[in-house]
Amino acid sequence: FKYLIKNAKNIDVLMLFHISRCSYWYAYFYKKLNPNGFIYVKADFNLEVYQKEWSIVNSKPKSLREFFRKRRESAEYNKRKKLIPMTDLISYESLEAYEFMKYSYAGINTKDKTIYLPNGYDNEIIEKIKVKTSEEKENIILTVGRLGTEAKNTELLLETLKEIDLKDWKVYLVGSIDKSFISYKENFFKENPSLIDKIIFTGEIKDRKELYKYYNRAKVFVLPSRWESFGIVMVEAMAFGNYVITSNTCAAKDITNNSEIGKIVKIDSKEELKKELERVISREINLKEKYEKTLNYVSNFRYSNLVEKLSKRIYK
């Protein structure tokens, strides 16, 4: 707030993340000090969560617990509804969310204020890397994220893998490991010692170029999350031609082009995840064909293209 108050008059466009009470207060002080300034909110939006919260706001509490929950959500949404009139542009990451929200948010008119703008990958870095051909790639299944958190559902992936004959395939899990997951991981390998050389935890890789080497080696990327607003790691994987297997989270249809270049499985479905991984390993899926289609489709997520689209909309 100190920085914002000091610099508000020099900020042409204030970019905020999330339609939230916090964003309201940033916008409030910014507009007070720079009435002609432009406010852009990147919603980082989960439609299912919004619908659940909004139904609570409009519900009739049946218990004391529901009463306090409604009061808490109502206080949040009272500020969100004041944010919308101050906002000049809101972007939604998934087409489904955009279509549902493009005319109103919490009953407040947003016509001509919304844009569909998916997350993207840093093409300025990736396009300097020689992407391996389908034939040069290794039999690697990759996942990247905050491993062991409730959202990422890493345990489902491990429980699925132990029931699969990986043959000559290896699985790499890249990312920090949640403290609550450490004992689970240790017990998993104690019970499945034959998988120690097949399932490899690399730890967190902060160097993007080092991380991209894993994407470049892999043929398949899997993300069995319980929820996601938009998994940037998936479009990064697609930039290297990876076949994406994802749970049915917010942007799954956008990322897989309605399952044309990837596979969407039910959230928490070990059966569906297992079936798809087995199809990959048994070569039922033509990964070379998917590789070509993926590289053609992923241009929709080039960050330079997305920034240009956003820029044009702001100037308009």
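Visitor: Leaving aside neighbours within four places in sequence, which residues is Glu276 in contact with?
Guide: In this predicted model, Glu276 is in contact with Tyr243, Ile245, Lys263 and Ile285.

Visitor: And where does Glu276 lie?
Guide: Glu276 lies in helix H12, which covers residues 270–281.

Visitor: Does Glu276 count as buried or exposed?
Guide: Glu276 counts as buried, because its relative accessibility is 2%, and buried means under 20%.

Visitor: What comes after H12, in the loop before helix H13?
Guide: Arg283 lies in that loop, between H12 and helix H13 (287–297). Its relative accessibility is 71%, so Arg283 counts as exposed. Phi of Arg283 is near 65 degrees, a positive value in a residue other than glycine.

Visitor: Why mention the sign of phi?
Guide: Most residues other than glycine have a negative phi. Lys167 is also not a glycine, and has a positive phi of about 55 degrees.

Visitor: Where is Lys167 placed?
Guide: Lys167 is in the loop between helix H7 (154–161) and strand E8 (170–174).

Visitor: Turning to helices, at what angle do H3 and H4 pack?
Guide: Helix H3 (residues 47–57) and helix H4 (residues 64–86) pack at about 110 degrees, and their axes are 8 Å apart. That angle makes H3 roughly perpendicular to H4.

Visitor: Which residues make the contact?
Guide: From H3 the contact is made by Tyr50, Lys52, Glu53, Trp54, Ile56 and Val57, and from H4 by Arg69, Lys70, Glu73, Ser74, Tyr77, Arg80 and Lys81. Sorted by class, this contact has 5 nonpolar, 1 polar and 7 charged residues.

Visitor: Which residues of H2 are buried?
Guide: The buried residues in H2 are Ser23, Tyr24, Ala27, Tyr30 and Lys31. Seen down the axis of H2, they fall within an arc of 135 degrees, so they line one face of the helix.

Visitor: What covers them?
Guide: The cover includes helix H1 (2–7), strand E1 (13–17), strand E2 (38–42) and H4.

Visitor: What span should H2 have?
Guide: At 1.5 Å a residue, the 13 residues of H2 (residues 21–33) should span 18 Å. The end C-alpha atoms of H2 are 19 Å apart, which agrees.

Visitor: One last residue: where is Lys309 found, and what does it touch?
Guide: Lys309 is found in helix H14 (residues 303–315). Not counting residues up to four places away in sequence, Lys309 touches Ile115, Tyr116 and Leu117. Its relative accessibility is 37%, so Lys309 counts as partly exposed.

Key. Residues are numbered from 1 along each chain as its sequence is written. This is a predicted model: local features need pLDDT of at least 70, side-chain atom pairs count only at pLDDT 80 or more; totals for chains, interfaces and linings use all residues. Side-chain values use heavy atoms; hydrogens and water are left out. Axes are lines fitted to C-alpha atoms, for helices over the stretch in contact, and angles run from 0 to 180 degrees between N-to-C directions. Helices (H or I, at least four residues) and strands (E, at least two) are DSSP runs, numbered from the N terminus. Angles under 35 degrees count as roughly parallel, over 145 as roughly antiparallel, 65 to 115 as roughly perpendicular and the rest as oblique. Contact means heavy atoms within 4.5 Å. Ala, Val, Leu, Ile, Met, Phe, Trp, Tyr, Cys and Pro count as nonpolar, Asp, Glu, Lys and Arg as charged, and the others, Gly among them, as polar. The expected span of a helix is 1.5 Å times one less than its number of residues. Buried means under 20% relative accessible area, exposed over 50%, partly exposed in between (1.4 Å probe, protein chains only). The arc is that of the directions from the helix axis to the C-beta atoms.
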